[in-house]
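Welcome, and take a moment to look over the model below. The notes after it start with one helix and then widen to the whole chain.

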Amino acid sequence: AGVSRAHDLRPAGVAVALLHPGWVQTGMTGGRGHLTPEASARGLVARMEALDLATSGRFWHANGEPLPW
């Protein structure tokens, strides 16, 4: 759905981010994640700030690594 949305919005100049926050230390993971919520959020914000039409529709880990489909 995200890739389709990226294709649909490209002519309007809108980039779409598909992001994975990583394994975050939250109640959902019993606090056993690899990342603090703050570190994950910083990574996600960095991915959003780097987003452009050339990277639109790709899936990224919060640490900046591309994730294969």
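On the other side of helix α2 from its buried residues, E38, R42 and E49 are exposed, that is, over 50% relative accessible area, while buried means under 20% and partly exposed lies in between (1.4 Å probe, protein chains only). This is a predicted model, in which local features need pLDDT of at least 70, side-chain atom pairs count only at pLDDT 80 or more, and totals for chains, interfaces and linings use all residues. Residues are numbered from 1 along each chain as its sequence is written, and side-chain values use heavy atoms, leaving out hydrogens and water.

**Helix α2**
- The buried residues of α2 are S40, G43 and L44.
- Seen down the axis of α2, these buried residues fall within an arc of 95 degrees, so they line one face of the helix; the arc is that of the directions from the helix axis to the C-beta atoms.
- They pack against β1 (18-20), where contact means heavy atoms within 4.5 Å.

**Overall layout**
- The protein has 2 helices and 2 strands, which run α-β-α-β from the N terminus on.
- Helices (H or I, at least four residues) and strands (E, at least two) are DSSP runs, numbered from the N terminus.
- Along its principal axes, the C-alpha trace spans about 40 × 20 × 20 Å.

**Burial and contacts**
- Of the 69 residues of the protein, 25% count as buried.
- Among contacts with a separation of 6 or more, 45% come from residues 24 or more positions apart.
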